[in-house]
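Colleague: I'm new to this one, could you walk me through it?
Modeller: Gladly, here it is.

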Amino acid sequence: MTLLLRELKILLRSPAGAIQSLMFAVLVIALFPLAITPDPDQLAPLGIGLIWVVTLLACLLAADKSLASDYADGSLEQMVLSDYPLWWMCLVKSMAHWVSCALPLLLMAPILGAMLAMPLDRIVWLMASLVLGSPILSLFCMLGAMLTVGLNQSSALLPILIAPFLVPTLILGTQWATTGGEAFYGYMLAALLCLSVVTLPFATAVVAKIAVSR
Amino acid sequence: MWRWFHQWGSPKFFYHRSGALLPVLALASVLILGCGVVWGLLIAPADYQQGESVRIMYVHVPAAILAQSSYAMMAIMALISLIWRLKIADAAVQTVAPIGACVTLLALATGSLWGKPMWGTYWVWDARLTSTLILFFLFAGVLALRNAAGQSQSAGRAASVLAVIGLLNLPIIKYSVDWWFTLHQPASFTLTERPAMPFSMWGPLLMMVVGFYAWFFLAWLIRLRHELVKREVRTDWVQQMIKQ
Amino acid sequence: MNFETITAFLEMGGYAIYVFASYGLTALTLGGLLLAESRRHRAWLRRQGSVQRSEET
């Protein structure tokens with residue numbers, strides 16, 4: 001619990017990361033109407049997919065920074081060597097990544113949706129799908145960050161490693177939102193979230209042990 | 001049993017014993033693939049729906065099967081290297097990844113060459129093609145991690161973990177792509193799912209699959225033996241072998 | 001035998017480009033990989049051999 005508080009305090013003290021991923025998302029979403037068309041009738045059907053892809057990219061881009069400072073100042077090694085449950089640390093790190101990266105985007109979703117001329121009910125389903133889906137993104141991003149921590153070019157490497165794993169989340173999330181909440185996709189997304197929460201922190205913990213031995 | 005396992009786990013023993021397998025595999029793959037190509041290109045009948053273009057099946061389907069099973073083999077080797085820390089299993093993971101990536105690319109290329117006459121375009125977001133593409137990205141991830149992390153032991157272990165997680169995720173990816181595909185486009189015409197193929201067609205197909213496997217193990221073995229002597233270059237047995 | 005004449009075989013019922021391109025690509029991949037591997041191995045052995053000789057002298 002203290003670990004969670006520590007992470008949140010660090011986030012509050014330096015909100016630069018959260019602002020960065022927000023800016024990234026707003027910027028990219030602003031580029032689409034410029035590149036495709038300003039016509040609302042053509043933009044609206046693309047909205048859910050575009051915002052999902054932008055969220056996914058923002059999470060991937062922010063991931064390597066979430067461990068870099070811990071690795072540099074040795075606190076990652078401390079945590080691995082201490083008898084603290086490592087999976088809990090990985091879970092907390094994922095939560096911190098989610099709070100700093102996915103949560104701001106989730107709160108911004110109505111504005112992003114308005115930029116793409118999405119109707120309100122679409123925006124609601126988009127936010128619901130992001131609520132269920134984005135934690136999975138954060139858990140996988142933390143796995144990727146742990147795999148690449150301490151390597152040079154880790155920020156370029158991480159998306160290559162992790163993006164294929166995010167495909168099911170992307171598919172289920174966007175399908176759920178575009179079908180207007182068809183139960184099957186919702187259940188599947190929730191099941192995927194449960195599965196990820198109970199397995200990925202342990203996988204990340206295994207990788208953490210390898211990472212500090214580098 | 002355990003002694004046998006340990007013997008084959010030692011690079012020196014493996015190198016010397018596996019040398020005898022090379023000519024066998026080489027002969028087998030040349031013969032089987034040669035017969036398969038002749039059977040598939042010349043003797044097998046044309047399809048009543050697809051005409052002569054169905055002959056692409058005899059290289060596409062074996063490549064696709066091999067692509068999937070080579071990922072599975074890589075992940076199993078990765079698991080073995082993680083659990084028992086066998087040097088040879090780690091070398092096996094490293095050497096099978098590029099071969100698997102090449103085979104996956106081949107499956108994609110032949111698939112799109114088959115798609116052009118059948119669908120009218122080189123690329124269709126068909127469930128099978130899409131999941132093969134993702135499989136290629138998974139191979140690329142393992143390769144990229146390996147290249148970035150260098151030759152150290154921990155690099156191998158990290159790549160192994162990634163491979164194992166990839167294998168566990170493969171069914172989830174496959175099912176989600178299938179759902180996505182059926183939602184957008186009800187399966188009307190898939191290339192390979194057909195009611196009861198006659199023997200004149202699955203005969204050459206089976207032969208090509210076996211031939212592809214023989215080739216795959218040959219290529220893997222050559223690569224693995226090269227990797228082993230490279231890693232063990234400072235030991236006596238490699239130095240003696242070089243002298244000869 | 002499925003084809004009556006050699007020209008019929010070469011035409012492949014109009015699908016010649018696709019069929020022969022995919023077989024050619026397969027041959028290239030399968031053969032090329034093997035060739036590259038064995039050449040690399042032999043070149044490495046030769047190089048190591050010269051290293052060994054230079055160390056002995």
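Modeller: What follows is a short talk about chain B and its neighbours.

Colleague: Before that, what kind of model is this, and how do I read the labels?
Modeller: This is a predicted model, in which local features need pLDDT of at least 70 and side-chain atom pairs count only at pLDDT 80 or more, while totals for chains, interfaces and linings use all residues. Residues are numbered from 1 along each chain as its sequence is written, and chains are lettered from A, with ligands numbered from 1, in the order in which they are written.

Colleague: How many helices and strands are there in chain B?
Modeller: Chain B has nine helices and zero strands, where helices (H or I, at least four residues) and strands (E, at least two) are DSSP runs numbered from the N terminus. Along the principal axes, the C-alpha atoms of chain B fill a box of roughly 60 × 40 × 30 Å.

Colleague: And what share of the 244 residues in chain B is buried?
Modeller: Buried residues come to 46% of the 244, a residue being buried if 20 or more other C-beta atoms, placed from the backbone, lie within 10 Å of its own.

Colleague: What about α5(B), how far does that helix reach?
Modeller: Helix α5 of chain B, residues 87-119, reaches 47 Å from its first C-alpha to its last, close to the 48 Å expected at 1.5 Å a residue; the expected span is 1.5 Å times one less than the number of residues.

Colleague: Where is the kink in α5(B)?
Modeller: The kink, of about 25°, lies at Val96(B), shortly before the proline Pro98(B), and the bend is the angle between axes fitted to the seven residues ending there and the seven starting there. Just after α5(B), Gly120(B) takes a positive phi of about 95°.

Colleague: Why is α5(B) described as largely enclosed?
Modeller: Because 24 of its 33 residues are buried, α5(B) is largely enclosed by the rest of the structure.

Colleague: Switching topic, how many residues of chain C are in contact with chain B?
Modeller: There are 27 residues of chain C in contact with 32 residues of chain B, contact meaning that the C-beta atoms, placed from the backbone, lie within 7 Å. Helix α2 of chain C, residues 16-56, gives the most to the chain C side, with 20 residues.

Colleague: And which helix of chain A gives the largest share on the side that touches chain B?
Modeller: The contact takes 20 residues from chain A and 22 residues from chain B, and the largest share of the chain A side, 11 residues, comes from α8(A).

Terms used: Contact = placed C-beta atoms within 7 Å. Buried ≥ 20, exposed ≤ 12 C-beta atoms within 10 Å, placed from the backbone.
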